[in-house]
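Here are some exercises to work through with the model open beside you. Try each task before you read the solution.

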Amino acid sequence: MSNVYHDYFYDKNGFDNLDGGYFPLKHPDVAEKPLAIPAVLKPDRVDGDDVYYTITAQEGSSQLFQGVPTKTWGYNTDLLGETVVLETGKTYHVTLKNELSEVTTFHWHGLNIVGPFDDGGPHAPVYPHGERKITFTVDQPSATIWLHPHPCPETARQVWNGLATPVVITDKYEQSLHLPSEYGVDDIPVVLQDRSYYDNQLDYKKSYDVDGTLGEFPLINGTLNPVFEVTKPIIRLRLLNGSNRREWRLHFSDNHPFTQIGSDGGLLPEVVELDHLMLTCAERADVLVDFSDYKPGDEITLQTDDFSFLKFKIGSFEASHINLPSPLAKLEELTPDSDETSFHTVMSGMDDEVRLDGKLFDMQRIDTKQQINTTKIWEVTNTNDMEGGMIHPFHVHGCQFQLISRNGKDVYPNEHGWKDTIGVNPNETVKIKIKFTKLGVFMYHCHILEHEDTGMMAQIEIFDPDHPMTYKLLSMDDMMHEK
């Protein structure tokens with residue numbers, strides 16, 4: 001295999017393991033368990049191209065350790081959630097229910113839908129024992145996105161308690177490629193998280209770090225000490241960094257290569273061969289792993305840094321091969337209206353001094369505007385010092401964008417597709433092309449969840465000059481307390 005990338009691409013001086021509050025993962029004192037595969041959410045009903053779903057945020061309990069079960073939260077289940085499957089071209093009518101004892105929201109991270117209410121940011125509260133109904137038509141290509149709460153300043157704690165679930169968009173083109181598609185067998189969601197427990201229970205206040213909360217133990221798809229039985233030669237892993245803070249620097253224990261076929265917003269234009277891959281918070285990567293070189297009984301582990309957290313046990317199967325086309329996906333190349341930068345946003349600080357453009361988030365302030373269906377050039381700068389600073393993952397709601405450059409140089413080899421979240425190194429400026437096709441008010445922010453909750457977030461209004469709209473923007477007090 002030629003041209004295999006052997007590094008994580010990102011600036012090592014900004015890795016989270018250099019932060020003073022960092023601590024490495026530990027192995028939990030529990031027996032191996034099969035990797036939990038989230039169930040697929042079943043529709044309430046289907047009427048042609050109209051699909052009806054109900055998603056409920058609820059409390060539950062999970063037997064993670066011996067003894068008392070752990071109190072956890074989930075969507076339609078005890079922990080994490082059921083995988084939501086969407087198909088391009090179909091219309092979805094979703095009832096969002098809240099059976100928690102506090103307000104939450106349902107944010108569709110990576111889905112291009114109107115804001116600020118359907119998108120599920122902090123302006124779309126669902127109060128205890130209440131519900132919200134939304135309708136949207138999927139008009140973007142196949143991708144692995146996700147659903148999580150966004151009730152700033154409680155986002156981090158609610159995700160920590162368990163609210164997060166994969167969302168899979170499918171389309172006819174991807175189906176024609178004959179990629180691994182047997183869910184739970186050779187098409188596997190892998191939600192990467194870390195948690196600490198006290199007497200078997202989560203205690204967010206005890207675990208809290210204003211610079212991003214880390215956990216002692218890896219929790220993969222809600223499983224401690226997971227193992228996956230390989231029964232097909234080629235496996236598709238839908239990797240999602242669902243952690244509050246931790247970066248995942250991934251490789252196999254024997255540095256076995258793998259093929260990245262997709263990023264946040266879908267298939268890449270060309271596959272990228274790697275044996276190391278780093279995901280910052282909220283980033284996704286779809287990779288193919290060919291286990292044909294192993295024999296039954298072999299074991300291989302997926303690691304972050306030098307820590308093994310997911311074991312693959314090789315079973316019996318016949319070798320096979322997938323012929324991937326080149327290009328893999330034909331992306332619409334965004335063409336900016338002007339070669340000039342139209343917007344420059346700056347992420348600064350660490351700990352409780354984090355700011356976006358020198359300001360803290362205000363739910364009733366519009367920080368910038370952009371006309372719908374126009375393509376603009378943004379510059380995103382991280383002013384942290386190169387020595388001792390940190391990587392800030394930058395996320396924009398309501399769109400997928402394309403990268404142009406990092407500090408004037410080419411972007412990483414696996415960043416030539418659609419993205420909604422990018423890690424920005426200390427003292428780096430990333431230039432992107434960005435186009436919004438939906439009206440609304442959307443968030444843009446650092447996706448270290450504690451930074452987001454601290455106020456490292458702002459709002460953009462996407463407007464149509466021929467059809468001006470006004471939005472009732474809630475205050476934080478309005479969001480947290482039903483009037």
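Helices (H or I, at least four residues) and strands (E, at least two) are DSSP runs, numbered from the N terminus. This is a predicted model, in which local features need pLDDT of at least 70, side-chain atom pairs count only at pLDDT 80 or more, and totals for chains, interfaces and linings use all residues. Residues are numbered from 1 along each chain as its sequence is written, and side-chain values use heavy atoms, with hydrogens and water left out.

**Exercise 1. Find the two cis peptide bonds and place their prolines.**

Step 1: Cys152 and Pro153 are joined by a cis peptide bond, with omega about 15°. Pro153 sits in the loop between β10 and α1 (155-161).

Step 2: Ser326 and Pro327 also share a cis peptide bond, and here omega is about 0°. Pro327 belongs to the loop between β22 and β23 (341-348).

**Exercise 2. Describe the chain as a whole.**

Step 1: Count the elements: the protein chain has five helices and 32 strands.

Step 2: Judge its compactness. The radius of gyration is 21 Å, close to the 23 Å that the globule rule gives for 483 residues, so the chain is as compact as a globular protein of that length. The radius is taken over C-alpha atoms, and the rule is 2.2 Å times the number of residues to the power 0.38.

Step 3: Look at burial, where buried means under 20% relative accessible area, exposed over 50%, and partly exposed in between (1.4 Å probe, protein chains only). Buried residues account for 60% of the 483 residues.

Step 4: Turn to contacts, meaning heavy atoms within 4.5 Å. Of those between residues at least 6 apart in sequence, 78% join residues at least 24 apart.

**Exercise 3. Map the nonpolar cores.**

Step 1: Recall the term: a nonpolar core is a set of buried Ala, Val, Leu, Ile, Met, Phe, Trp, Tyr and Cys residues joined through side-chain atoms within 4.5 Å. In soluble globular proteins, nonpolar side chains tend to be buried together.

Step 2: The largest core has 39 residues, of which Leu237, Phe291, Phe309 and Phe312 touch the most other members. Strand β22 (residues 307-314) gives the largest share of this core, five residues.

Step 3: Apart from this core lies another, of 29 residues, with Cys281, Leu356, Met390 and Ala458 among them.

Step 4: Follow Leu237 outward. Beyond four places in sequence, its contacts include Ile188, Val190 and Phe312.

**Exercise 4. Which residues does Ile37 touch, not counting residues up to four places away in sequence?**

Step 1: Locate Ile37 in the loop between β1 (33-34) and β2 (45-47). With a relative accessible area of 29%, Ile37 is partly exposed.

Step 2: List the partners: Tyr183, Gly184, Ile188 and Asn221.

Step 3: Check the span to Asn221: 184 residues in sequence, but 6.8 Å in space, C-alpha to C-alpha.

**Exercise 5. Is Trp146 buried or exposed?**

Step 1: Find Trp146 in strand β10 (residues 143-148).

Step 2: Its relative accessibility is 1%, so Trp146 counts as buried.

**Exercise 6. Examine two asparagines with positive phi.**

Step 1: Asn255, in the loop between β16 (248-252) and β17 (258-263), has phi near 60°. Asn255 counts as partly exposed, at 37% relative accessibility.

Step 2: Asn407, in the loop between β28 (401-406) and β29 (421-424), has phi of about 50°. At 45% relative accessibility, Asn407 is partly exposed.
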